[in-house]
Amino acid sequence: MKEYRVKGLSCGNCTLALEHQIQLLEFGETASLSYNSGKLKLDERIPLSEVKEILKSDGAYIVDVKMNAGESHASDDHHDHSGHDHGSDSDHEHDHSHGSKKMYLLLGFSTLIYLISILIDGQVASSTTVLLYLIATIVSGYTTFVKGLKNLFRLKFNIDTLMTIALVGAVSIGEWKEATLVAILFCLNELLEGLGMEKARRSMEALLKVAPKEAVKLDKGKEIIVPIESLKANDTVIVKPGEKIPSDGQVVTGKSSVNEAAITGESLPVEKAEGESVFGGSINNEGVLQIRIEKAYEDSSLAKILHLVEEAQETKTPTELFINKFAKYYTPIIMAVSALVIIAPPLLFNGDWSKWLYQGLAVLIVGCPCALILSSPIAIVSGIARNARNGILIKGGVFLEQLGKLDILAFDKTGTLTKGEPYVEQSVVYDRDRFLKVAAAIEKTSSHPLAKAIMKEVAQQGIEIAVESESVEAVSGRGIVAVVEGTKYWLGNEKSMEHLQIPQDVQDAIRNLKEQGLTLVLVADDRQVLGMFGISDEIREESRDVIARLHKVGIKRTVMLTGDHQKTADKVAKAVGVTEFYGNLLPEDKVNKVKQLAEQGIVGMIGDGINDAPALASAQIGIAMGKGTDSAIETADVVLMQDHLGKLPEAVSVGKKVNRTIKFNIAVSMGLKLIALLLTIPGWLTLWIAILSDMGATVFVTLVSLTVLIQKKSA
């Protein structure tokens, strides 16, 4: 499939019609044209000249071939109804911003003539005012009329067809003033509609500009400027203050603070020094950094993020699909209703033909589906863009919609509500000389999280590790048996101490630590327990606040799922404030629990995207905390690029706002049309009311949708 950028798409409904025409071409079955992103995907075998002819019929045109990672994604033009002939064979690799300027000029000129016509009406010959009205109508409505006439001959019914019939009808019954107003307001309506979608697109495109285009590569001691696409793993680059880091890598030399907002949405700088990892797209603040590239640009976190953001614009939500399907039948139905309004009263009730012809034309204008079609896409694109600005990747409108419908949120405990970094909370010592020294000798070569916690405690106590373990044997599910300085020692949970007769006071200490929800690691020789560690996983500072805010934004149930024992689960659940918790769960148990919850409402599952993959896949929406890790980006439907849950409540809130906005937009667009149609019963509907109700609805839903982009600045 080849990908092209298309400009000049006039509206969502017209884009659907163009897509359908392209799909009718040979090899065109898989073709797709997105109004949201302005991207066209075609089978390589489709003749491009035929596609360009189809696009040209609606004033649209192909701008360039598939965009590169380093290219600017921004555009400077709005959609154009001005009739500018782009030529079917041109590649249009020039600036089209003059298209919208021309449209402004034509609209301003026709409006001026219209106002002059109203002022001099009755003071000069009627033929003069009619001529002025006709000029104003032609200037503002020519392209709509031509396209509508072509559609009429093809029996293709869309908004241009409706407006053309209404213009011809109004002129034929001598309603020059109203015919001109219809043409001018429809032109204004189309311009504002395009500006609204362009605003949403540009907020998205601003995100896509963060990719740097060039890098300073260090080659045999020389600095060479190269395109970022040419960078490979193990290349070394120099990043000076104010420059963007070209791709994911590791600091070789230098020290600086780095702004990772493009990746994580966090504006606070992060200190980086030798050996630390950095993200492509981050901005180096002050020092000079020498960085070894670990991934080619196309495999970097930033490239994947930008790809996901672009793809997200093109997915259609169930609501959007329903509206588009409904619009296909809606326009012909409106035409049938209009014909009925024109014919029925004169034939059945001796009504005046000219009066009911006028009413029927007004019905045609009211029937324009633009406001309905726009109810969803601008809000969806705005919601995805706003979340992406905050470092939250939504992989499509369907997931944004689901995020806003969530009833239940299930959390994995370790690494999500807790830091996933165990630490020694309490220790009970019976042999001060040997306890820490032996524990350190046994655990110092282990990479197990509990071993790391013990070694951290040993370091804090200032114990020097002067001895080595002579042999180490791991006993599955229990612990370790090792020999230190010729003596055999046991390290592990209480099951590993079966060789001992444990005194009552030690048993009481074990029971006490377990009741506090701590994980136990005991150290013993062949005669006695030397001491024990009570280890806990530190709860994230923001967890309790996040859970409270989630409840506040409408999440009814928060559920914690963990493999830890019930006492530990109970301790963490009480600390963070979840409504329910389940402990002692294996990965398959988590999957079953998520499926059970899904029967009771819409469930989101939050984990780290690696060991929680089965549970993430079982939920209606999987949310991963990854801070840019490949597995997190690939596994989940929503990715939190920060290493915390702090921005999750806002993401849910944005999803809910998008859903409310779409419902409100549909209600307004359909409600205004219904009111206008009801005015036909007493014969009160005028072309003025019809065009104002249609244009008003379209402009209103566009502006309401753009409010999704508004974000309150945090204090």
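Helices here are DSSP runs of at least four residues, numbered from the N terminus. Keep that in mind as we walk through this structure, which is a predicted model.

Let's start with helix α17, which covers residues 504–515. Its 12 residues should span 16 Å at 1.5 Å a residue, and the end C-alpha atoms are indeed 16 Å apart, so the expectation and the model agree. Now look at which of its residues are hidden: Val506, Ala509, Ile510 and Leu513 are the buried ones. They sit on the same side of α17, because they cover an arc of only 100° around the axis. There's a neat bit of helix geometry to recall here: an α-helix has 3.6 residues a turn, so residues three or four places apart point the same way. What do the buried residues of α17 pack against? The answer is three strands: β16 (418–429), β20 (519–524) and β21 (529–539). After the helix comes Gly517, with a positive phi near 80°.

Helix α18, residues 543–552, can be read in a similar spirit. Ser543, Val546, Ile547 and Leu550 are buried in this helix. Seen down the axis of α18, these residues fall within an arc of 100°, so they line one face of the helix. Among the elements covering them are β21 and β22, along with helices α14 (413–417), α19 (566–576) and α23 (648–678). You've already met β21, which also packs against the buried residues of α17. And once again a glycine follows: Gly554 comes after α18, and its phi is positive, near 120°.

Next up, charges. Side chains of opposite charge can pair when their charged atoms come close. In this model the count comes to 23 salt bridges. Take Arg45 and Asp43, whose closest N and O atoms are 3.0 Å apart. Which of these partners is buried, and which is exposed? Arg45 is exposed, with a relative accessible area of 53%, while Asp43 counts as buried at 16%.

Another pair sits inside a helix. Lys405 forms a salt bridge with Glu401, with 3.6 Å between the closest N and O atoms. Both belong to α13 (residues 397–405), where they lie 4 residues apart, about one turn of the helix. Lys405 is partly exposed at 38% relative accessibility, but Glu401 is buried at 4%.

Then there's a pair that reaches across the chain. The side chains of Arg557 and Glu580 meet in a salt bridge, at 2.6 Å from N to O. This one links distant parts of the chain: Arg557 is in strand β22 (residues 557–561) and Glu580 is in strand β23 (residues 580–582), 23 residues apart. Buried means under 20% relative accessible area, so Glu580, at 18%, is buried, whereas Arg557, at 21%, counts as partly exposed. Salt bridges can also form a network, as they do in linking Lys419, Glu538 and Glu541.

Finally, let's visit a sheet. Strands of a sheet pair through backbone hydrogen bonds, either parallel or antiparallel. Here 3 strands form an open sheet in the order β10-β9-β12, and the pairing is antiparallel. β10 (270–272) and β12 (283–284) stand at the edges, each with a single partner strand, so one side of each is left without a neighbour in the sheet. How many bridges join β9 (residues 256–259) to β10? There are 3, and you can find one partnership yourself: Ser256 has Lys272 in β10 as its bridge partner.

How values were computed: Residues are numbered from 1 along each chain as its sequence is written. This is a predicted model: local features need pLDDT of at least 70, side-chain atom pairs count only at pLDDT 80 or more; totals for chains, interfaces and linings use all residues. Side-chain values use heavy atoms; hydrogens and water are left out. Helices (H or I, at least four residues) and strands (E, at least two) are DSSP runs, numbered from the N terminus. The expected span of a helix is 1.5 Å times one less than its number of residues. Buried means under 20% relative accessible area, exposed over 50%, partly exposed in between (1.4 Å probe, protein chains only). The arc is that of the directions from the helix axis to the C-beta atoms. Contact means heavy atoms within 4.5 Å. A salt bridge is a side-chain nitrogen of Lys or Arg within 4 Å of a carboxyl oxygen of Asp or Glu. Two strands pair if DSSP finds at least two bridges between them.
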